[in-house]
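Please open the structure in your viewer and keep the selection tool at hand, since each stop of this tour asks you to pick something and look at what surrounds it.

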Amino acid sequence: MKPVPRWLVWFGSEARSVRSLAWAGGVFIGVLLALTSYDIVRGYRVTVGEIERELDAQARVIAELTSRSVQAVDGVLRLVADEHRRGRLGQRGSDELHDYLHELAEGVKQIDGLGMFDARGDAMGVSWPAPRLPPNMSQLPRFQALRDEATLGFAIFDAAPGAGDGVWIIPFARRLETRSGAFDGVVAARGRVDYFQQVYRNTFPDPSTRVALLHRERATLLARHPVVTSALGKEVPRLKELLDGVATGRAVARNVSPIDGREQFGTLYPVEGYPLVVAVTRDAQAALQPWRQLAVRGSIRTLGLAALASALLWLALRQIKRVNAARLSLATSQERYALAAAGADDGIWDWDLVAGTAYESARAREIQGLPPGPETQPLHALEQSLRVHPDDEPLRAQTLQTHLEGRTPAYEIEYRVRHGDGEYRWIRVRALCIRDAAGKPLRIAGSVSDVDARKCAEVAQRESEERYALAMRGSRGGHWVWNLDTDAVFLSGATRELFGLPPDQPLGTRAESMQRVQLHPDDRPRFTTLMTELTSGRIARADFEFRIRLPDGSQRWILTRAQRFAKADGSDVRIAGVSVDISDRKDAEAEHEKLEQQLRQAQKLEAIGTLAGGIAHDFNNILSAILGFGELAQRGAPEGSAQRRHLDAALAAAHRAKSLVERILAFSRSGMGERVPVHVQSVVAEALETVAATLPAGVTLERRLAAGDAAVLGDATQIHQVVMNLCANAVQAMRAEGRLVVALDRVSLAAPQAVTTSTLAPGDYLRLSVADTGSGIEPRLLERIFDPFFTTKEIGVGTGLGLSLVHGIVADLGGGIAVDSRLGHGSTFTIHLPAAAAVAAPAAAAAGDDVPQGSGQVVLLVDDEEPLVRLCEEMLAGLGYEPVGFDSSRAALAALRTNPQRFDALLSDESMPGLTGTELAAEARRLRPDLPVVLMTGFVSASLLQQARAAGVAEVLGKPLAAADIARALAAALPSAPAPTIQPSTVTPT
């Protein structure tokens with residue numbers, strides 16, 4: 001039992017001291033006041049800490065928002081600078097530049113205009129509200145800084161009123177350079193000060209919070225919320241000192257604002273990537289207001305408690321005499337209790353709380369595990385000898401104290417005590433407290449019973465039920481029982497939840513309950529068959545899986561294990577089982593199957609790429625010889641002769657072989673090109689010109705190109721291949737007559753959209769559709785049309801690589817393909833490509849097909865195929881060059897070492913024994929750094945292009961080659977000099 005409270009014993013003792021009690025009460029009141037003072041000080045520190053954390057978090061958010069806003073402006077300026085560096089803006093007039101800059105500025109809310117100025121400071125074009133051609137800018141420090149510091153790049157200057165309209169702006173600027181990196185002018189943007197102030201106001205509308213954007217290097221104010229126009233563009237005192245404080249760890253400080261003179265808490269946070277810093281402050285008066293209110297309330301509360309404690313102290317001193325009188329009236333007769341306890345199985349006990357003594361009958365001591373001894377002993381000795389289970393002691397003490405305080409009518413509890421053999425046994429205690437007229441507890445008496453056997457049985461049953469419930473919950477399933485005699489069904493709560501049934505709805509018969517469960521139509525026959533076999537007794541056990549549809553429309557997979565139970569005479573037949581949710585496993589199996597299919601497809605394409613890279617060089621060398629010597633022979637064959645017809649057929653077959661190799665190589669080169677903005681409409685229009693020239697007489701072409709200057713990030717050649725392959729498939733599907741419709745426009749998807757090859761994310765897309773009126777595609781073949789080498793065309797008409805190439809290119813660009821086809825009505829292939837920023841259409845190519853002619857320059861020709869060496873020598877001689885051919889790279893290098901100045905250019909194959917073309921080029925450039933080098937290869941890869949550039953190669957040409965390609969490459973690589981040109985008819989392609 002819990003010891004009698006010391007205050008009760010003290011009040012009942014004869015040696016009580018009024019002076020000691022008064023002293024203890026005074027100490028208590030003093031401690032109460034000291035604790036309140038401590039809480040006020042600690043509350044101030046906590047409040048300041050919360051203000052610091054909140055200001056730091058707000059500064060981080062504002063810095064991130066500011067960084068993204070400045071990144072948007074920097075991106076536009078970088079785009080204009082890149083376009084200028086490529087020479088795409090140099091030919092535009094002032095009005096065209098104005099329109100171009102105005103279009104770019106409209107998409108960036110952070111600025112109200114863009115301007116371009118040449119190297120002299122004269123305006124080339126502007127789009128802000130000021131006059132379209134402002135005065136010369138060369139005398140401005142901002143212009144001079146960008147002109148004189150080549151590494152400055154993107155610059156941010158002090159806020160200032162805009163010229164002409166007086167609107168406060170933040171000047172942003174970027175240096176314009178020529179292709180060689182020389183200064184060529186400035187592109188500038190007028191940053192809107194009101195935009196940044198509006199963002200800060202919307203982010204933190206609290207009037208006590210102030211946000212400022214400052215220039216970190218010049219310590220000037222760029223924008224502020226609330227607005228203080230008079231401080232914009234001016235230096236902020238102590239900013240550098242505050243920045244030094246941030247560097248030393250003092251991120252948040254309390255100071256006086258240099259702008260409006262108000263005391264505040266403030267923090268600084270740099271804007272990543274830019275010379276900017278964000279300052280977030282809060283008025284100290286408003287920030288500390290909650291702490292002041294708490295401090296006032298705490299002080300009032302403490303004073304009230306002190307007054308109450310004083311009153312209670314006075315009442316306690318007054319009550320001492322009454323307690324002493326009550327103690328004398330509580331004399332007990334332990335003999336009566338001893339006689340009653342002798343004939344009972346329960347133990348009897350009685351505690352005198354005033355005297356501090358305890359009576360325990362012999363049976364009570366035995367039940368509580370106490371050794372034999374005197375039945376009456378001091379109360380504290382009894383408390384020390386009781387060995388209550390540690391888990392039960394807190395509840396026992398609380399229950400006793402609650403009854404002694406008068407909050408419960410009786411003291412009744414069950415707990416465990418330890419006996420001499422070390423085992424714990426359950427006992428039950430009942431008691432009632434006796435009080436004086438004032439309600440003070442004087443004694444408590446009751447009985448104790450041995451309930452160990454009953455409690456052990458209850459605990460065993462409860463543990464069994466808990467283990468069963470945990471097992472069912474862990475399996476994510478539930479159990480059920482069906483009585484075939486009464487047709488009644490029992491479903492556990494977990495089973496009801498599993499099948500989507502309300503927890504409190506009556507089930508009725510099994511048939512009625514199953515009507516509420518929506519079985520999948522494909523699984524219903526098997527489910528019915530198994531249940532029939534179980535009820536008939538043909539099988540005793542069944543495991544089966546099926547699907548159900550829940551009320552919310554979702555689908556769930558269920559695994560059910562059922563068993564039939566019956567008595568020996570066949571009566572009282574029941575079927576019981578367990579149902580488990582296996583949806584996650586089924587989804588994982590489906591996802592695993594999908595990933596395996598994707599892996600097999602990737603391995604297939606990888607094998608094709610490996611094959612292509614392996615055969616490209618040798619096969620293209622063979623094709624080069626066939627095409628080159630075949631066309632030489634073709635020139636000498638008379639028109640209309642049998643020899644000419646035979647040569648024409650042979651060359652046509654060689655060109656088909658070349659096209660096949662190019663398509664195979666497209667797989668191995670997928671995604672290798674550098675991605676740049678491509679003006680899609682011009683590429684599609686160029687491809688359709690080629691398609692129109694080869695259409696059969698009965699096929700008409702309809703163009704619907706409405707994409708304007710929309711662009712995608714990719715490779716123009718790949719987009720050209722997509723159009724050509726889709727149009728070629730459409731023409732072949734229509735055979736001799738029909739209508740081919742090619743459309744190009746822009747669309748915007750507000751939600752994800754599923755297409756045949758993928759699911760498109762929301763965003764802006766360019767939509768290219770190619771529709772034909774041909775024979776259409778059978779539905780069973782639609783899922784295979786993008787497989788490599790799969791074709792429905794007859795032998796000799798298709799290779800099965802066209803749609804595979806289209807699928808690979810579109811997927812690499814992040815797009816998708818939708819296929820709509822009906823037998824006998826034609827097909828429509830719709831391609832969605834992610835849209836990029838608009839770009840101008842490329843300039844039209846110059847008229848004429850003249851091929852540059854050499855003027856006797858000596859060309860060192862190297863190829864490990866001797867027939868190709870002879871062919872190229874003849875071709876170079878026809879172009880006006882003096883060829884010196886070698887079929888060994890080492891022999892060619894030896895000739896170059898003997899006389900490096902003899903040769904004007906090097907034309908070499910890449911794949912050769914000994915030294916490769918890039919290795920030969922590197923050695924040649926060491927001997928003669930100014931020697932132009934042109935490389936030929938049957939397989940152009942990204943790694944080869946990188947190696948060639950490192951070796952100093954001017955251009956890499958893909959085999960098979962035309963003489964015009966080599967002529968133009970040599971003309972571009974050799975030093976410029978007047979040279980005659982020849983018409984293509986006099987050049988023999990290879």
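What follows is a walk from the whole chain to single residues and then to a sheet with its helices.

Keep in mind throughout that this is a predicted model. Begin with the whole chain shown as a cartoon, where the secondary structure comes to 26 helices and 39 strands. Of the 990 residues in the chain, 43% are buried, and if you switch on the surface you are looking at about 51,000 Å² of exposed area, 54% of which is supplied by carbon and sulfur atoms. Among the contacts between residues at least 6 apart in sequence, 61% join residues that are at least 24 apart.

Next, select L114, I156, I170, F172, F196 and L213, which are the residues that touch the most other members of the largest nonpolar core, a set of 59 residues. Helix α2, residues 18-85, gives the most to this core, with 12 residues. Now centre the view on F196 and leave aside residues up to four places away in sequence: the residues that F196 touches are T66, S69, V70, I170, F172, L213 and A223.

Move on to S127, in the loop between β2 (123-126) and α4 (141-148). Is S127 buried or exposed? Because its relative accessibility is 8% and buried means under 20%, S127 counts as buried. Apart from its neighbours within four places in sequence, S127 is in contact with H98, L101, H102, A105, D112, G113 and L114, and L114 is one of the core residues you selected earlier.

Two backbone details come next. Most residues other than glycine have a negative phi, and most peptide bonds are trans. Select A219, in the loop between β7 (209-215) and β8, which has a positive phi of about 55° although it is not a glycine; A219 is also buried, with a relative accessible area of 1%. Then go to P226, which is found in the loop between β8 (220-225) and α6 (239-247), and look at the peptide bond from H225 to P226, which is cis, with omega near 0°.

Now turn to another part of the chain and colour the strands β25, β27, β30, β32 and β31, which in this order form an open sheet of 5 strands with mixed pairing. Why is one side of β25 (698-705) and of β31 (816-822) left without a neighbour in the sheet? Both strands stand at the edges and each has a single partner strand, so one side of each has no neighbour there. From one strand to the next, the twist averages 15°. Look inside the sheet at β30 (residues 763-771) and β32 (residues 826-834), which run antiparallel and are joined by 7 bridges; here V770 stands opposite F829 in β32.

Add helix α19, residues 680-693, which packs on the sheet and touches β25, β27 (737-749) and β30, with its direction making about 170° with that of β25. Helix α20, residues 716-734, also packs on the sheet, touching β25, β27, β30 and β32, and its direction makes about 145° with that of β27.

Finally, select the cysteines C433 and C872. C433 counts as buried at 11% relative accessibility, and C872 is buried with a relative accessible area of 8%. How many disulfides does a search of the whole structure find? The search finds 0.

Terms used: Residues numbered from 1 in each chain as written. Predicted model: local features only at pLDDT ≥ 70, side-chain atom pairs only at ≥ 80, totals over all residues. Heavy atoms only, no water. Helix = DSSP H or I, 4+ residues; strand = E, 2+ residues; numbered from the N terminus. Buried < 20%, exposed > 50% of the residue type's maximum accessible area, 1.4 Å probe, protein only. Contact = heavy atoms within 4.5 Å. Core = buried A, V, L, I, M, F, W, Y, C linked by side-chain atoms within 4.5 Å. Areas by Shrake-Rupley, 256 points an atom, 1.4 Å probe, with all protein chains shown as cover. Pairing = 2+ DSSP bridges. Axes fitted to C-alpha atoms, helices over the stretch in contact; angles between N-to-C directions. Disulfide = S-S within 2.5 Å.
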